[in-house]
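Reader: I'd like a close look at one part of this chain, taken slowly and with its surroundings filled in. Could you walk me through it?

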Amino acid sequence: MNIELFKTLNILYVENDKELKKTFSETLIKLFKKVFFSSNGEDALNQFIQYNNSDDKIDVILSEYTIPLLNGLELLLEAKKATGLPVVTEIMDASHLPLFEDVDLIQVGARNMQNFELLKELGKINKPILLKRGLATTIEEWLMSAEYIM
């Protein structure tokens, strides 16, 4: 982990759970140059747009999917519309694929690298896919999963 790189970045952390926000905020404040906080998607989008052309430009949005007013994916896509921010997000199920039409890069987490139905569907679209490898997964297993996408 390149801590020095993190210290050059501003992050917007969107979390509506007060306990989680408190726990993670302490760590984020230590890692990043500046941390902005929001508890809902609308406020987060407004902050992102407000600071887009300032010295405090937000470089990273960290959000879960289930936040009030705008969900995490809607927040990212609105930020993209407003500023051109490239969007990278994780897909969990093939049925969600229509929601990812405007996403720039789709990530498949290690827990889904053997979800072969999802991988087959991802192979049919024309988007870059980031396939993560679990710690216990061999390179051979990882490459065999990648074949479903190719």
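The request comes down to one sheet, followed by its setting in the rest of the chain.

Reader: Let's zoom in on the open sheet with the order 4-5-6. How do strand 5 and strand 6 pair, and which residues is Q107 in contact with once its neighbours within four places in sequence are left aside? Some context on the rest of the chain would help too.

Author: Sure, with the reminder that this is a predicted model. Your sheet is an open one built from three strands in the order 4-5-6, and its pairing is parallel. Strand 4, residues 88–90, and strand 6, residues 129–131, are the edges, each pairing on one side only. Going from one strand to the next, the twist averages 25°.

Let's start with strand 4. Together with strand 5, which covers residues 105–108, strand 4 pairs in the parallel sense over three bridges. If you want a spot to click on, E90 stands opposite Q107 of strand 5.

Now for the other side of strand 5. Strand 5 and strand 6 also pair in the parallel sense, and they do it over three bridges. Here the pair to look at is V108, which stands opposite L131 in strand 6. To get from strand 5 to strand 6 the chain passes through helix 5, and this β-α-β crossover is right-handed.

That brings us to Q107 itself, which sits in strand 5. Setting aside neighbours within four places in sequence, Q107 is in contact with V88, T89, E90 and I91, and also with L130 and K132. Q107 counts as buried because its relative accessible area is 17%, under the 20% cut-off. For a contrast, try F6, over in helix 1 (residues 3–6). F6 comes out at 21% relative accessibility, so it lands in the partly exposed class, which runs from 20% to 50%. F6 also lies 9.5 Å from L28, C-alpha to C-alpha, with their positions 22 residues apart in sequence.

Next, the other sheet. There's another open sheet of three strands, with the order 2-1-3 and parallel pairing. Its edges are strand 2 (34–38) and strand 3 (60–63), each pairing on one side only. In this one the twist averages 20° from strand to strand. Strand 1 and strand 3 are joined in the parallel sense over four bridges, and I11 has V60 of strand 3 as its bridge partner. Helix 4 packs on this sheet, where it touches strand 1 and strand 3, and its direction makes about 165° with that of strand 3.

Now the packing. In soluble globular proteins, nonpolar side chains tend to be buried together. Here, the largest nonpolar core has 30 residues, and L12, I61 and I91 are the ones with the most contacts inside it. Strand 5 is one of the elements that give two or more residues to this core, and so is helix 5; the others are strand 1 (10–14), helix 3 (41–51), helix 4 (72–83) and helix 6 (139–149). Helix 4 gives the most, with five residues. Take a look around I61: not counting residues up to four places away in sequence, I61 touches L12, V14, F48, L75, L76, A79 and L85. There's also a second, separate core of seven residues, and I11, Y13, L31 and V35 are among them.

Finally, zoom out to the whole chain. The secondary structure comes to six helices and six strands, and along the sequence the pattern reads α-β-α-β-α-β-α-β-β-α-β-α. Measured out along the principal axes, the C-alpha atoms fill a box of roughly 45 × 30 × 30 Å. Buried residues make up 36% of the 150 in the chain. Of the contacts with a separation of 6 or more, 50% are between residues 24 or more positions apart. The accessible surface comes to about 9400 Å², and 54% of that belongs to carbon and sulfur atoms.

Definitions and conventions: Residues numbered from 1 in each chain as written. Predicted model: local features only at pLDDT ≥ 70, side-chain atom pairs only at ≥ 80, totals over all residues. Heavy atoms only, no water. Pairing = 2+ DSSP bridges. Axes fitted to C-alpha atoms, helices over the stretch in contact; angles between N-to-C directions. Core = buried A, V, L, I, M, F, W, Y, C linked by side-chain atoms within 4.5 Å. Buried < 20%, exposed > 50% of the residue type's maximum accessible area, 1.4 Å probe, protein only. Contact = heavy atoms within 4.5 Å. Areas by Shrake-Rupley, 256 points an atom, 1.4 Å probe, with all protein chains shown as cover. Right-handed = clockwise from strand over helix to strand, strands pointing away.
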